[in-house]
Amino acid sequence: CSAASTSLRGSAKQVKNTNNVERKLSVDYTGAVEYYNGQGGNPECGVGCGWEQLHDNGWTSGGDSIAVDWTQQQDPQIIYGLADGTVQFYNGCGNWYQVKGEGWDSAVVSLEAQFNYLGTCDTNILIVAGLDNGSIQYYNGQGWHQLQSSGWKSAATAMAVQWPKIGRAHV
């Protein structure tokens, strides 16, 4: 299952209707990630019911791009690109993992991801990240590879990716 990205310059929400249930993901410049599971509106539930914080604003920078997989019954799986160049992965079961630490010296401004669900809380992810310096980076599930250097001198804010069954992503 592949997921398109949403640019998050400021606060943004991504919505998915599953079985007529509206689910939302909200992020902001502080890096906080909030998830609405569609359970609000139930009078027995109370005020604020349905919202949960998946991550506080404890990252050193806010987010610029996100890819979400809504196909599983638990919380959505999330790839989150931050302004400091790090890439975070939320597995939908309460755990965040750092997929890329600092080192690109450029913000992640676009993301495309393929989520290969292997079972409860176990996913093989493939990622293509576009950076503010124009570089395109590819994560094959084991490591990062540069597909394009920063020679374009323009931010890689949008891209389309095809995910073949064998081989690299086609960008």
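In which loop is the place of Asp105? Asp105 sits in the loop between β10 (96-100) and β11, and this tour will return there after a view of the whole chain.

**Before starting.** Residues are numbered from 1 along each chain as its sequence is written, and side-chain values use heavy atoms, with hydrogens and water left out. The model is predicted: local features need pLDDT of at least 70, side-chain atom pairs count only at pLDDT 80 or more, and totals for chains, interfaces and linings use all residues.

**The whole protein.** Display the chain as a cartoon. The protein has 14 strands and zero helices; helices (H or I, at least four residues) and strands (E, at least two) are DSSP runs, numbered from the N terminus. Of its 171 residues, 48% count as buried, where buried means under 20% relative accessible area, exposed over 50%, and partly exposed in between (1.4 Å probe, protein chains only).

**The largest core.** Select Ile79, Val87, Val99, Ile125, Ile127 and Trp144, the residues with the most contacts inside the largest nonpolar core, which has 16 residues. Such a core is a set of buried Ala, Val, Leu, Ile, Met, Phe, Trp, Tyr and Cys residues joined through side-chain atoms within 4.5 Å. Strands β9 (87-90), β11 (108-119) and β12 (122-131) each supply at least two residues of this core. In soluble globular proteins, nonpolar side chains tend to be buried together.

Centre next on Ile127. Leaving aside residues up to four places away in sequence, Ile127 touches residues including Leu111, Tyr139 and Trp163; a contact means heavy atoms within 4.5 Å.

**A second core.** Apart from the largest core lies another, of 14 residues, among them Tyr35, Trp59, Ile66 and Trp96.

**His55.** Keep Trp96 in view and select His55 in strand β6 (residues 51-55). His55 counts as buried because its relative accessibility is 15%. Beyond residues up to four places away in sequence, His55 touches Gly31, Ala32, Val33 and Trp96.

**The loop with Asp105.** Return to Asp105, which has a positive phi of about 55 degrees although it is not a glycine. Most residues other than glycine have a negative phi. With a relative accessible area of 76%, Asp105 is exposed.

**A hairpin.** Finally, select strand β13 (residues 136-139) and strand β14 (residues 144-148), which pair in the antiparallel sense over four bridges; two strands pair if DSSP finds at least two bridges between them. Gln137 stands opposite Gln146 in β14. Four residues lie between the strands of this hairpin, where Gly141 takes a positive phi near 100 degrees.
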